[in-house]
Structures are given as structure tokens and as C-alpha cells.
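Student: Could you take me through one part of this structure slowly? I would like a close look at the place where the ligand sits.

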Amino acid sequence: MSYIIVGNSAAGLFAIEEIRRHDTKSEIIVLTAEQEPSYSRCLITYFLAGEIPASQLYLRDVDFAARLNLTVVYGAEVTEIDSAHQIVRSADGREWHYSKLLLAMGALANKLSILGDDLPEVFTLRTMRDALAINNILEQGARKAIVIGGGLVSLKSAYALRKRGLEVTVLVSSGQILSQMLDAKAADIIQEHLRANGLRFLLETEAQAITGQNHVQGVLIAPETELDADLVIVGKGVRPNSEKLRGFGFNIGLGLQVDSYLETNISNIYAAGDITETWDFVRQKFTVNATWPNATTQGRIAGANMYGRQEVYLGSLGLNSVDFFGLSAMSAGITKLLKKEAHEDWSQTENLKMLGGLPIYRNLIWQGDVLKGFVLVGDTSQCGVLTALVKAGQPLTQTQKNLTKGKRGTLAVGMMK
Amino acid sequence: MRQILVRSEYCLGCKSCELACAVAHSTSKTLFEAINEPMPPQKRVFVESSGGLNFPLQCRQCLDSPCVHACMSGAMQFDRATGLIQVDEHKCVGCLMCVMVCPFGVIAELPDTHRVAKCDRCQDLDYDPACVAACPTKALEFVEVREFAHSGRQTFLDQMKGVN
Ligand SMILES: Cc1cc2nc3c(=O)[nH]c(=O)nc-3n(C[C@H](O)[C@H](O)[C@H](O)COP(=O)(O)OP(=O)(O)OC[C@H]3O[C@@H](n4cnc5c(N)ncnc54)[C@H](O)[C@@H]3O)c2cc1C
Ligand code: SF4
Ligand code: SF4
């Protein structure tokens, strides 16, 4: 038996650990296009902010590969899969034979295609290498940054740059920040909090071009309006790396399609993480839920099934958490009522209050008596119990529904009766 | 492995366990000194009440370990020596991803250090949990898992999660 894992990030790492829990002998070869042992992509903005050293990005101890008896090949970019002969090939012509293959190649940051997007101070932020390069620019004394995009990665980047003392302007093409994660009210609260801490926002604003000859000078947002900048970060979402696998016989939708064991349509080839299209069991549709907990869970289950167990993956859940300048927000499942649903059996219970100068907001979304999702800002201590209720998908009694208004454990205990 | 068994019907809601837990996680490990420590010690057990039912909640060491899967720093991990899920406070960045998924709501935020803490089975006390020793009615007991499985109650959350 020879396992090949392509990608050593969230999904790959959890798959490897799961396989080794069951099988200590077989060969495990880990191929990664990057040059780094498993590190946390989510923490690169913490590094940029100066909150943690680069060494703290690594997820496991230095002896990890040796202890688990792994062969890790860095800089191996897989470009070809020959499933008839069970072989993967890399761009530089190396090849490896597999009995079971996991594709955990994640996603790629979308680039802008506007004039000036190839200037040296224009970045997307996806890898440790991106972070180190941006850090270099900061150390050379960059003072003004423009972040294009209002999603999670954009805001985490903007926060980091602000923490490093830069003047930061965020350009958002829609009318709301974090529109995938939060409802409009929660987004307003977070935006106001970020503004109070020195970030500037321009909503409904598109970057038209990036100006400058050899270096970034500014960003043009209207024919006559240019904002000064010496650093531009583009956060326009991510794209699963599945596009690169067209032509090898895979079923590809929004990402690599898999069955409930996370196996692709080609036997012995599994997929997990940001590259994978999965069943969102709350939104009831196939989608790519590109977050860390989904990637690790899929990785672990794919690993178990590659070993030969038969674990069913029940599906993914949109959920996320942010914490900026002491104000945290979390959401899971369905976070906004769509207009067409409003008249059916959907409802929401919304609540906003101030405590010690900080806003506390919560919005729970119900379909009948089933909790379908929520948004919390400020007090997030009860979040885990609510997440469990969303996952359970069971109708609650009125008494239980009332408990969701209470503090953390009252809810958990109330559910036990 | 031993588990902390909760017999909620014996719990008076006196919170002796909460106090003992905070003291056990203080620097001095004594109540009088703990009160004056610069970083107030954080309890990791929460006595919760709901309509006549009292329940001391602490980390249940979930088999499916949602907190480990959610942790994006590698701080929340299985400790190789004991097989327990523990937080490495040097790695934790306080992102609260674990809080977001812990179905029992038993991960405490430490606002001063911007990290989290949860029941560690009293690592510092040779894994002799202070809450169990402090409980006057034996609502908390530290017992082998097999025994636990027989006498432990099937809770709503346990059922839906397949915990223990
Ligand atoms: C700045 C930032 C902040 C984030 N913050 C959060 C957050 O707060 N919460 C959250 O839930 N999620 C967050 N995310 C998303 C999270 O990081 C991803 O969901 C997660 O990393 C997905 O893991 P993965 O294993 O599927 O793939 P990835 O992490 O994308 O890793 C892909 C792996 O595959 C390798 N690879 C790619 N292509 C090839 C190839 N052709 N050949 C060989 N190897 C290849 C790469 O080297 C890498 O090892 C953030 C992401 C970023 C960039
Ligand atoms: S999810 Fe909560 S109860 Fe379960 S192991 Fe983690 S901290 Fe403990
Ligand atoms: S708060 Fe700490 S332990 Fe919890 S998920 Fe974040 S880094 Fe991990």
C-alpha cells in the first residue's frame, strides 16, 4: 500500500494523521507545491500584524515527519494524474505511484485584471511566501495601503496593516463588508468598530486601475479620483484548484465532486478541503465551504476511508469567526433571510443592546422550530452550543427556544432535559 | 481512561468546584494568594442551572473533537502522552474558532492574555481533578470510562453528537 497526499495544509495534515492512527507501516508520500512544512494559512495575517513570529505559523513540531515516518517532497507541483496507471506527475517531470491518492490542493486567490495589477507592490494573500514578501515591503517603510475587497481575508489583512501603523483604506464593491459571513446589521457594527480604530472604508467602490511606473503609486477609483498608496492587497475571493485537473476525467462542478465517502468519481482518488465541492447540510445545496474546520474534518474522514474504513461525511457547514480590536463576531449556517423565504415558515429573532460601551448583537434564523443559522457580535461565548443546534437540525420546544436567549451553559444544560 | 462523571441529581449548585478549579489553575494554588494574583485565575468548570437542574459542565473530551478540527493554530491538540485534548497556551492566538464549535460551551476566554483555557484534568496536580475533590455531595466523580458508560446519562447533546 502506498498513500499519496497532495497538499500538506489543513486537509492533507488531518488525513495523514488519521491514516497513521490506523496504519503505522505503509508508505505515505506527501507532495506539496510550497516549500514549507504544514503551516496555518489562517495565521499569516497574525504574523503580518506582528502578533506572532513566523516560527509560530507551523502547526506541528519539527520532528513530525520523522515521527510519522512520512516522505515529504517540497516544491512538487502536481500537474498530471494518470488514473489508469495510478501515477501522479509533477511539473518538473517527476512521478510517483499510488494505491490511494488524496487531492488536498486547496484553493488559489483570485487576481484582479486591471491595469497595473502586475506592479511589484500588488499582492494577494494566500501563502506564507506572500506574507513574507508583504512583510518586506512593510519593513522598507510602506505607509499607505489599499485593500481591495471586503471579505474575511481582506479585512484580516487590513487589520494587520493597521496594527503595523499603516494608513489603510478598504475598497468594497458591494454595499456591505463581510457579506458572505454577516447580515447587514452585524456588518455595520463591525465596520463602525474598525473605522473607530482607524480603518477607512469606501463602499460601492471599484478599483479601476493601479497607477505607477515601476512601483505602486495609487489606485484609481474613478476617472478623476486617485488614492495614494505604496502597497495594494487584493482580496477578491478564492478559486478551488480543481480547474487545473480538467482533462483527467474528474467530475468537476464548483470544485472536485465527491461521494459521501469523499471519494471522487475515479476510484482510489479522494478529495478534501477547499478544492472540494460538498453538500452543505444547512443550505441544502452543493457548494465549496472553504474554511479551516471543514477542510480538517474532510481530511480526517477521507484519510479514514483511504485506509479502508467506511465513514460517511455528513456534509459541510458555513461558519466563521473574526475578532478585530477586541470585538468578535461569529456566524454559522444561514445568516440572512431571503425575501422569498420571509413569508414561508422562516423567521428571525434579532436582538441588539449595548454593554460597557460595546454592542452585543445576535440574530437567530429559524425555519419553524429548527435553528438554521445565526450571527453573533460582541458576546460569542454561547456560540458553540448554537452551532451544535444548527448541526443537529432538530426542532426545539418553546422552552428550549427561550433558552437560546440565555447565557452559555444554561442552554447546554437546558438541552439535556 | 478515566472520565469526570457528573451526577447532576446530586448537584446543589454550590459552585465549590468552580472555586477549586480557579485555585488549582492559579500560580500559588492557594485561595488567599490566588485572589491577589495579577492575572485572576480562570475557572474551567461552569455550574449551570436550568429549571431546577444544576449541572457542572467541563470539557467532555469529545471523541469527534470539534475543537481540535477548528483550531487553526495547532494549539488545541491531542496530547500524545495522555491522549487528552489540551490547549498549548504558547501556540493559542485567541481566534475563538474552538469556542465557536464546542457544543458544551466550556472553553473559557482569557481576556487578559487573549487566549483560551479549558479543563485540563488538573495536569499540574498529577491529573487529580480539584473539582472532584471539592464536591461535597460527590456529584462529580473521576472514574474509569467503562463504568462511566454504564452509569453516565445519555444527554440530548451526547445523543446528537455521539460523544463518549
Ligand atoms: C489569510 C487567510 C486567512 C484565513 N482565515 C480563516 C479563518 O479565520 N477561518 C477559517 O475557517 N478559514 C480561514 N482561511 C481559509 C483556510 O485557510 C482554508 O480553508 C484552509 O487552509 C484550506 O485548507 P486546504 O488543506 O484545503 O488547502 P490549502 O490551505 O489551500 O493548501 C493547499 C495545499 O496544497 C498544496 N498544493 C496546491 N496546489 C498544488 C499542486 N498543484 N501540487 C502540489 N501541491 C499543491 C499547497 O502547497 C498546500 O500545501 C483563511 C485563509 C487565508 C488565506
Ligand atoms: S469540543 Fe468542547 S467539550 Fe468537546 S473536547 Fe473540545 S473543549 Fe472539550
Ligand atoms: S482560540 Fe486558541 S485553541 Fe482556540 S482555536 Fe484559536 S488558537 Fe486554537
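Tutor: Happy to! Let's start with the domains, and keep in mind that this is a predicted model. The shell around ligand 1 takes at least three residues from domain 1 (2–108 + 238–307) of chain A and at least three from domain 2 (111–234) of chain A. Chain A also has a domain 3, which spans 328–416. Between domain 1 of chain A and domain 3 of chain A, the C-alpha centres are 33 Å apart.

Now look at the second chain too: ligand 1 lies between chains A and B. Around ligand 1 there are 37 residues, and the closest are S9(A), R41(A), V78(A), R126(A) and D274(A). Sorted by class, that shell holds 21 nonpolar, ten polar and six charged residues. Several elements of chain A each give at least two residues to the shell, including the helices α1 (10–22) and α7 (292–307) and the strand β2 (27–32). Two others that do so are α2 (44–48) and α5 (152–163) of chain A.

Next, zoom in on some individual atoms. E34(A) places a polar side-chain atom 3.1 Å from an oxygen atom of ligand 1. With W292(A), it is a backbone N or O atom that lies 2.9 Å from an oxygen atom of ligand 1. A polar backbone atom of A107(A) is found 3.4 Å from a ligand 1 oxygen atom. As for cover, ligand 1 on its own has 990 Å² of accessible area, and the protein covers 96% of it.

How values were computed:
Residues are numbered from 1 along each chain as its sequence is written. Chains are lettered from A and ligands numbered from 1 in the order in which they are written. This is a predicted model: local features need pLDDT of at least 70, side-chain atom pairs count only at pLDDT 80 or more; totals for chains, interfaces and linings use all residues. Side-chain values use heavy atoms; hydrogens and water are left out. A residue is near a molecule or strand if one of its heavy atoms lies within 4 Å of it. A polar contact is a pair of N or O atoms within 3.5 Å; within protein, one must be able to donate a hydrogen and the other to accept it, and residues adjacent in sequence count only if both atoms are side-chain atoms. Accessible areas come from the Shrake-Rupley method with a 1.4 Å probe; for residues, only the protein chains shown count as cover. Helices (H or I, at least four residues) and strands (E, at least two) are DSSP runs, numbered from the N terminus. Ala, Val, Leu, Ile, Met, Phe, Trp, Tyr, Cys and Pro count as nonpolar, Asp, Glu, Lys and Arg as charged, and the others, Gly among them, as polar. Domain bounds come from an automatic or database domain assignment.
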